[in-house]
Amino acid sequence: MARKRRGRPVSGWLVLDKPEGVTATRATGMVRRIFDAQKAGHAGTLDPLASGILPIALGEATKTVPYALDGLKTYSFTAAWGEARATDDREGEVTATSPARPDEAAIRAVLPRFVGVIEQRPPAYSAIKVEGERAYHLARAGEAVELPPRQVVVHSLELLGIPGRDHAEFRAVCGKGVYIRSLVRDLASALGTVGHVSALRREGVGPFTLAHAVPLAKLEEMSHIPNSSGASGPADLLLALLRPIETALDDIPALALTGREADRLKQGRPVPVLRSDNRKVVDALAEGATLYAMAEGKPVALLTWDGALAHPLRLFNL
(Lines give C-alpha, C1' and ligand atoms only; values in the text may rest on other atoms or scores of the structure.)
Protein backbone atom coordinates (compact mmCIF):
# COMPACT_ATOMS: atom_id res chain seq x y z
CA MET A 1 0.00 0.00 0.00
CA ALA A 2 1.31 3.47 -0.94
CA ARG A 3 2.28 5.61 2.00
CA LYS A 4 -0.11 8.52 2.51
CA ARG A 5 1.56 11.90 2.01
CA ARG A 6 1.43 14.19 5.04
CA GLY A 7 -0.22 17.57 4.70
CA ARG A 8 -3.00 18.95 2.56
CA PRO A 9 -3.38 18.99 -1.23
CA VAL A 10 -2.77 22.75 -1.49
CA SER A 11 -1.58 23.84 -4.95
CA GLY A 12 -0.42 27.19 -6.30
CA TRP A 13 2.42 29.70 -6.22
CA LEU A 14 3.24 31.86 -3.21
CA VAL A 15 5.34 34.91 -4.06
CA LEU A 16 7.41 35.33 -0.92
CA ASP A 17 9.33 38.49 -0.05
CA LYS A 18 12.19 36.73 1.73
CA PRO A 19 13.96 38.69 4.47
CA GLU A 20 17.72 38.79 4.90
CA GLY A 21 19.28 36.13 7.11
CA VAL A 22 16.99 33.26 6.06
CA THR A 23 18.04 30.57 3.59
CA ALA A 24 15.78 29.76 0.66
CA THR A 25 15.43 26.19 1.94
CA ARG A 26 14.35 27.32 5.40
CA ALA A 27 11.91 29.87 3.98
CA THR A 28 10.35 27.18 1.77
CA GLY A 29 9.96 24.88 4.76
CA MET A 30 8.28 27.63 6.76
CA VAL A 31 5.81 28.34 3.94
CA ARG A 32 5.04 24.64 3.60
CA ARG A 33 4.33 24.46 7.34
CA ILE A 34 2.12 27.56 7.31
CA PHE A 35 0.01 26.16 4.45
CA ASP A 36 0.24 22.56 5.73
CA ALA A 37 1.04 21.65 2.12
CA GLN A 38 2.02 18.15 1.00
CA LYS A 39 4.77 19.41 -1.30
CA ALA A 40 6.78 22.61 -1.69
CA GLY A 41 9.74 23.81 -3.72
CA HIS A 42 11.30 27.13 -4.65
CA ALA A 43 12.24 28.61 -8.01
CA GLY A 44 15.75 30.02 -7.85
CA THR A 45 18.00 29.96 -4.81
CA LEU A 46 18.35 33.26 -2.98
CA ASP A 47 21.37 33.73 -0.70
CA PRO A 48 20.75 34.36 3.02
CA LEU A 49 22.28 37.84 2.53
CA ALA A 50 19.67 38.67 -0.11
CA SER A 51 16.06 39.73 0.30
CA GLY A 52 13.20 39.82 -2.16
CA ILE A 53 11.32 37.55 -4.52
CA LEU A 54 11.41 33.84 -3.77
CA PRO A 55 8.62 32.09 -5.71
CA ILE A 56 7.49 29.02 -3.78
CA ALA A 57 5.51 26.27 -5.49
CA LEU A 58 3.02 24.27 -3.46
CA GLY A 59 1.52 20.94 -4.45
CA GLU A 60 1.00 20.47 -8.19
CA ALA A 61 2.72 23.80 -8.90
CA THR A 62 6.05 22.07 -8.15
CA LYS A 63 5.74 20.48 -11.60
CA THR A 64 6.16 23.93 -13.17
CA VAL A 65 9.27 24.98 -11.22
CA PRO A 66 11.68 24.40 -14.18
CA TYR A 67 9.71 26.92 -16.25
CA ALA A 68 9.84 29.54 -13.50
CA LEU A 69 13.61 29.01 -13.23
CA ASP A 70 13.98 29.96 -16.90
CA GLY A 71 12.36 33.38 -16.37
CA LEU A 72 14.27 36.67 -16.34
CA LYS A 73 15.51 37.87 -12.96
CA THR A 74 15.67 41.49 -11.83
CA TYR A 75 18.06 42.51 -9.04
CA SER A 76 18.94 45.75 -7.31
CA PHE A 77 22.26 45.63 -5.50
CA THR A 78 25.06 47.61 -3.92
CA ALA A 79 28.73 47.11 -4.75
CA ALA A 80 31.27 47.89 -2.04
CA TRP A 81 34.67 48.90 -3.48
CA GLY A 82 38.07 48.32 -1.93
CA GLU A 83 37.61 44.90 -0.31
CA ALA A 84 37.46 41.46 -1.90
CA ARG A 85 35.71 38.83 0.19
CA ALA A 86 36.01 35.03 0.10
CA THR A 87 32.27 34.69 -0.63
CA ASP A 88 32.14 37.76 -2.91
CA ASP A 89 29.63 39.29 -0.50
CA ARG A 90 29.82 41.04 2.86
CA GLU A 91 29.56 37.76 4.83
CA GLY A 92 32.97 36.44 3.79
CA GLU A 93 36.37 37.23 5.22
CA VAL A 94 38.48 39.91 3.53
CA THR A 95 40.96 38.39 1.07
CA ALA A 96 42.35 41.52 -0.61
CA THR A 97 42.12 45.31 -0.39
CA SER A 98 42.67 48.21 -2.75
CA PRO A 99 42.78 52.01 -2.25
CA ALA A 100 41.35 52.59 -5.73
CA ARG A 101 37.79 53.94 -5.96
CA PRO A 102 36.07 54.35 -9.35
CA ASP A 103 34.20 57.53 -10.21
CA GLU A 104 30.87 57.73 -12.01
CA ALA A 105 32.39 58.24 -15.44
CA ALA A 106 34.60 55.17 -15.09
CA ILE A 107 31.70 53.01 -13.92
CA ARG A 108 29.44 54.08 -16.79
CA ALA A 109 32.24 53.47 -19.28
CA VAL A 110 32.65 49.77 -18.37
CA LEU A 111 28.98 48.81 -17.96
CA PRO A 112 28.45 47.93 -21.66
CA ARG A 113 31.14 45.23 -21.30
CA PHE A 114 28.86 43.38 -18.90
CA VAL A 115 25.69 43.45 -21.00
CA GLY A 116 24.74 40.75 -23.51
CA VAL A 117 26.29 37.27 -23.65
CA ILE A 118 29.22 37.37 -21.24
CA GLU A 119 31.59 34.84 -19.73
CA GLN A 120 31.29 34.55 -15.96
CA ARG A 121 33.09 32.38 -13.40
CA PRO A 122 30.67 31.38 -10.60
CA PRO A 123 31.71 32.11 -7.00
CA ALA A 124 33.54 29.38 -5.10
CA TYR A 125 30.79 29.65 -2.50
CA SER A 126 27.93 28.50 -4.71
CA ALA A 127 25.54 25.55 -4.95
CA ILE A 128 27.16 24.23 -8.13
CA LYS A 129 28.23 20.61 -7.76
CA VAL A 130 31.88 19.57 -8.12
CA GLU A 131 32.19 15.78 -8.40
CA GLY A 132 28.92 15.36 -6.52
CA GLU A 133 29.72 17.90 -3.78
CA ARG A 134 28.34 21.42 -3.48
CA ALA A 135 31.09 23.95 -4.16
CA TYR A 136 30.33 25.87 -0.95
CA HIS A 137 30.83 22.69 1.12
CA LEU A 138 34.31 22.26 -0.38
CA ALA A 139 35.14 25.95 0.07
CA ARG A 140 34.06 25.91 3.72
CA ALA A 141 36.24 22.84 4.27
CA GLY A 142 39.25 24.85 3.10
CA GLU A 143 39.60 23.28 -0.35
CA ALA A 144 40.56 25.48 -3.28
CA VAL A 145 37.56 25.71 -5.60
CA GLU A 146 38.03 27.12 -9.09
CA LEU A 147 34.85 26.74 -11.10
CA PRO A 148 35.12 27.00 -14.88
CA PRO A 149 33.65 30.10 -16.54
CA ARG A 150 30.42 29.78 -18.47
CA GLN A 151 28.34 31.91 -20.78
CA VAL A 152 25.39 33.78 -19.27
CA VAL A 153 23.15 36.59 -20.49
CA VAL A 154 22.77 40.02 -18.87
CA HIS A 155 19.96 41.92 -20.58
CA SER A 156 20.54 45.26 -18.88
CA LEU A 157 22.80 46.77 -16.23
CA GLU A 158 22.26 50.33 -15.01
CA LEU A 159 23.92 52.54 -12.43
CA LEU A 160 21.28 53.81 -10.01
CA GLY A 161 23.41 55.99 -7.78
CA ILE A 162 26.65 56.55 -5.89
CA PRO A 163 25.86 57.10 -2.20
CA GLY A 164 29.57 57.50 -1.34
CA ARG A 165 33.02 56.87 -2.75
CA ASP A 166 33.03 53.32 -1.33
CA HIS A 167 29.71 52.20 -2.83
CA ALA A 168 27.63 52.19 -6.02
CA GLU A 169 24.06 51.02 -6.55
CA PHE A 170 22.89 49.10 -9.61
CA ARG A 171 19.95 47.28 -11.18
CA ALA A 172 20.38 44.27 -13.47
CA VAL A 173 17.99 42.19 -15.56
CA CYS A 174 19.52 38.84 -16.40
CA GLY A 175 18.91 35.28 -17.51
CA LYS A 176 19.36 31.95 -15.80
CA GLY A 177 22.68 31.21 -14.08
CA VAL A 178 23.92 34.78 -13.52
CA TYR A 179 25.61 35.40 -10.16
CA ILE A 180 25.42 39.02 -9.01
CA ARG A 181 28.37 38.35 -6.69
CA SER A 182 30.48 37.38 -9.70
CA LEU A 183 29.21 40.38 -11.63
CA VAL A 184 30.35 42.77 -8.90
CA ARG A 185 33.70 40.97 -8.51
CA ASP A 186 34.38 41.25 -12.24
CA LEU A 187 33.06 44.80 -12.46
CA ALA A 188 35.47 45.85 -9.70
CA SER A 189 38.37 44.17 -11.50
CA ALA A 190 37.51 46.02 -14.73
CA LEU A 191 37.57 49.27 -12.74
CA GLY A 192 41.05 48.59 -11.35
CA THR A 193 39.97 47.73 -7.81
CA VAL A 194 38.37 44.91 -5.84
CA GLY A 195 34.84 44.67 -4.52
CA HIS A 196 31.98 42.63 -3.18
CA VAL A 197 28.18 42.72 -2.83
CA SER A 198 27.10 44.54 0.31
CA ALA A 199 23.32 44.47 -0.35
CA LEU A 200 21.16 42.47 -2.75
CA ARG A 201 17.43 42.42 -3.43
CA ARG A 202 15.64 40.37 -6.06
CA GLU A 203 12.75 42.33 -7.53
CA GLY A 204 11.40 39.81 -10.00
CA VAL A 205 11.55 36.23 -11.30
CA GLY A 206 9.73 35.80 -14.60
CA PRO A 207 6.08 36.73 -13.99
CA PHE A 208 6.57 36.95 -10.20
CA THR A 209 7.11 40.51 -8.97
CA LEU A 210 7.08 42.53 -5.77
CA ALA A 211 3.52 43.64 -6.62
CA HIS A 212 2.25 40.23 -5.42
CA ALA A 213 4.95 39.47 -2.85
CA VAL A 214 4.12 38.77 0.79
CA PRO A 215 6.69 39.29 3.59
CA LEU A 216 7.47 36.20 5.64
CA ALA A 217 6.51 38.03 8.85
CA LYS A 218 3.07 38.79 7.39
CA LEU A 219 2.57 35.13 6.51
CA GLU A 220 3.47 34.09 10.05
CA GLU A 221 0.98 36.61 11.39
CA MET A 222 -1.76 35.39 9.06
CA SER A 223 -1.11 31.75 10.00
CA HIS A 224 -2.76 32.41 13.36
CA ILE A 225 -6.04 33.52 11.76
CA PRO A 226 -8.65 30.76 12.17
CA ASN A 227 -10.29 29.15 9.16
CA SER A 228 -13.76 30.65 8.57
CA SER A 229 -15.27 27.16 8.21
CA GLY A 230 -14.05 26.15 11.62
CA ALA A 231 -11.99 23.32 10.13
CA SER A 232 -8.26 22.96 10.61
CA GLY A 233 -5.92 24.05 7.83
CA PRO A 234 -4.76 27.32 6.25
CA ALA A 235 -7.08 30.30 6.60
CA ASP A 236 -9.06 31.56 3.60
CA LEU A 237 -6.96 34.74 3.57
CA LEU A 238 -3.80 32.66 3.20
CA LEU A 239 -5.21 30.60 0.35
CA ALA A 240 -6.26 33.81 -1.39
CA LEU A 241 -2.56 34.77 -1.62
CA LEU A 242 -1.76 31.85 -3.91
CA ARG A 243 -1.20 32.56 -7.59
CA PRO A 244 -2.52 30.02 -10.14
CA ILE A 245 -0.32 27.08 -11.13
CA GLU A 246 -0.17 28.32 -14.72
CA THR A 247 1.42 31.63 -13.64
CA ALA A 248 4.85 30.03 -14.12
CA LEU A 249 3.85 29.04 -17.66
CA ASP A 250 3.39 32.65 -18.75
CA ASP A 251 5.68 32.27 -21.78
CA ILE A 252 4.34 28.87 -22.87
CA PRO A 253 1.44 28.58 -25.34
CA ALA A 254 -1.83 27.30 -23.90
CA LEU A 255 -4.36 25.02 -25.58
CA ALA A 256 -8.06 24.83 -24.82
CA LEU A 257 -9.29 21.26 -24.45
CA THR A 258 -12.69 19.66 -24.07
CA GLY A 259 -13.42 17.46 -21.10
CA ARG A 260 -13.15 14.38 -23.31
CA GLU A 261 -9.70 15.45 -24.56
CA ALA A 262 -8.57 16.13 -21.02
CA ASP A 263 -9.66 12.62 -19.99
CA ARG A 264 -7.70 11.18 -22.91
CA LEU A 265 -4.54 12.99 -21.76
CA LYS A 266 -5.03 11.70 -18.24
CA GLN A 267 -4.93 8.18 -19.67
CA GLY A 268 -1.51 9.01 -21.13
CA ARG A 269 -2.80 9.22 -24.70
CA PRO A 270 -2.03 12.02 -27.18
CA VAL A 271 -4.78 14.28 -28.51
CA PRO A 272 -5.36 16.06 -31.83
CA VAL A 273 -5.98 19.75 -31.13
CA LEU A 274 -6.43 21.22 -34.60
CA ARG A 275 -9.76 22.91 -33.86
CA SER A 276 -10.27 26.52 -34.95
CA ASP A 277 -9.80 27.92 -31.42
CA ASN A 278 -6.36 26.29 -31.21
CA ARG A 279 -5.25 26.79 -34.81
CA LYS A 280 -3.39 30.06 -34.21
CA VAL A 281 -1.48 28.48 -31.31
CA VAL A 282 -0.36 25.29 -33.05
CA ASP A 283 0.44 27.00 -36.36
CA ALA A 284 3.16 28.95 -34.56
CA LEU A 285 4.68 25.89 -32.88
CA ALA A 286 7.83 24.10 -33.93
CA GLU A 287 7.90 20.32 -33.69
CA GLY A 288 8.97 19.29 -30.18
CA ALA A 289 7.69 22.53 -28.61
CA THR A 290 6.29 22.54 -25.08
CA LEU A 291 2.80 23.81 -24.35
CA TYR A 292 0.14 23.27 -21.73
CA ALA A 293 -3.52 22.39 -21.76
CA MET A 294 -6.47 24.00 -19.99
CA ALA A 295 -9.94 22.50 -19.59
CA GLU A 296 -12.85 24.03 -17.69
CA GLY A 297 -10.57 26.79 -16.40
CA LYS A 298 -7.99 24.44 -14.87
CA PRO A 299 -4.54 23.34 -16.08
CA VAL A 300 -4.59 19.71 -17.18
CA ALA A 301 -1.11 18.84 -18.39
CA LEU A 302 2.20 19.95 -19.82
CA LEU A 303 2.46 18.76 -23.41
CA THR A 304 4.88 18.29 -26.26
CA TRP A 305 3.85 18.91 -29.87
CA ASP A 306 4.88 16.53 -32.67
CA GLY A 307 3.34 18.50 -35.53
CA ALA A 308 0.01 16.70 -35.43
CA LEU A 309 -0.66 15.52 -31.88
CA ALA A 310 -0.10 16.87 -28.38
CA HIS A 311 1.51 14.28 -26.08
CA PRO A 312 1.33 14.50 -22.26
CA LEU A 313 4.60 15.26 -20.43
CA ARG A 314 3.35 15.97 -16.91
CA LEU A 315 -0.23 15.68 -15.65
CA PHE A 316 -1.71 17.99 -13.02
CA ASN A 317 -3.74 16.14 -10.42
CA LEU A 318 -6.31 18.80 -9.58
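Which residue follows α5, and what is the sign of its phi? Gly 192 follows α5, and its phi is positive, near 80°. This is a predicted model. The briefing below covers three helices, the loop between β5 and β6, salt bridges, and residues with positive phi.

**Helix α5**

- Helix α5 runs over residues 180-190 and is mostly covered. Of its 11 residues, 8 are buried.
- The buried residues are Ile 180, Arg 181, Ser 182, Leu 183, Val 184, Arg 185, Leu 187 and Ala 188. Two arginines, Arg 181 and Arg 185, are in that list.
- These buried residues pack against one helix, α3, and several strands. The strands are β4 (73-81), β7 (116-120), β10 (150-164), β11 (167-174) and β12 (195-205).

**Helix α1**

- Helix α1 has 12 residues, which at 1.5 Å a residue should span 16 Å. Its end C-alpha atoms are 17 Å apart, which agrees.
- The buried residues of α1 are Ala 24, Ala 27, Thr 28, Met 30, Val 31, Ile 34 and Phe 35.
- Viewed down the axis of α1, those residues fall within an arc of 160°, so they line one face of the helix.
- The cover over the buried residues of α1 includes strands β1, β2 (40-42) and β3 (51-58). It also includes helices α6 and α7 (236-239).
- Asp 36 comes just after α1 and takes a positive phi of about 50°.

**Helix α8**

- Helix α8 spans residues 259-266. Its buried residues are Glu 261, Ala 262 and Leu 265.
- Down the axis of α8, the buried residues fall within an arc of 100°, so they line one face of the helix.
- They pack against β15 (254-256), β16 (271-272), β17, β18 and β19 (309-315).
- Gly 268 sits just after α8, with a positive phi of about 85°.

**The loop between β5 and β6**

- Thr 87 lies in the loop between β5 (83-85) and β6 (94-97). Is Thr 87 buried or exposed? Its relative accessibility is 13%, so Thr 87 counts as buried.
- The side chain of Thr 87 makes a polar contact with the side chain of Asp 89, at 2.6 Å.
- A polar atom of the Thr 87 side chain also lies 3.0 Å from the backbone nitrogen of Gly 92.
- Asp 88 is in the loop between β5 and β6 as well. It has a positive phi of about 65°, although it is not a glycine.
- Asp 88 has a relative accessibility of 8%, so it counts as buried.
- Arg 90 lies in the loop between β5 and β6 too. Its relative accessible area is 37%, so Arg 90 is partly exposed.

**Salt bridges**

- How many salt bridges does the structure hold? It holds 16.
- One of them joins Glu 20 and Arg 90, with the closest N and O atoms 2.8 Å apart. Glu 20 lies in the loop between β1 (12-18) and α1 (24-35), and Arg 90 in the loop between β5 and β6, so the pair ties together parts 70 residues apart in sequence.
- Glu 20 is partly exposed, with a relative accessible area of 42%.
- Glu 220 forms a salt bridge with Arg 33, where the closest N and O atoms are 3.1 Å apart. This pair links distant parts of the chain, with Glu 220 in helix α6 (residues 216-222) and Arg 33 in helix α1, 187 residues apart.
- Glu 220 is partly exposed, with a relative accessible area of 23%.
- Arg 108 and Glu 104 meet in a salt bridge at 2.9 Å, N to O. Both lie in helix α3 (residues 104-110), 4 residues apart, about one turn of the helix.
- Arg 108 counts as partly exposed at 44% relative accessibility, and Glu 104 counts as partly exposed at 41%.
- Salt bridges with shared partners join Lys 39, Glu 60 and Lys 63 into one network.

**Positive phi at Glu 296**

- Glu 296 is a residue other than glycine with a positive phi, near 55°.
- Glu 296 lies in the loop between β17 (290-295) and β18 (298-305).
- Glu 296 has a relative accessibility of 77%, so it counts as exposed.

Notes:
Residues numbered from 1 in each chain as written. Heavy atoms only, no water. Buried < 20%, exposed > 50% of the residue type's maximum accessible area, 1.4 Å probe, protein only. Polar contact = N/O pair within 3.5 Å; in protein donor to acceptor, adjacent residues only side chain to side chain. Salt bridge = Lys/Arg side-chain N within 4 Å of Asp/Glu carboxyl O. Contact = heavy atoms within 4.5 Å. Arc of directions from axis to C-beta. Expected span 1.5 Å × (residues − 1).
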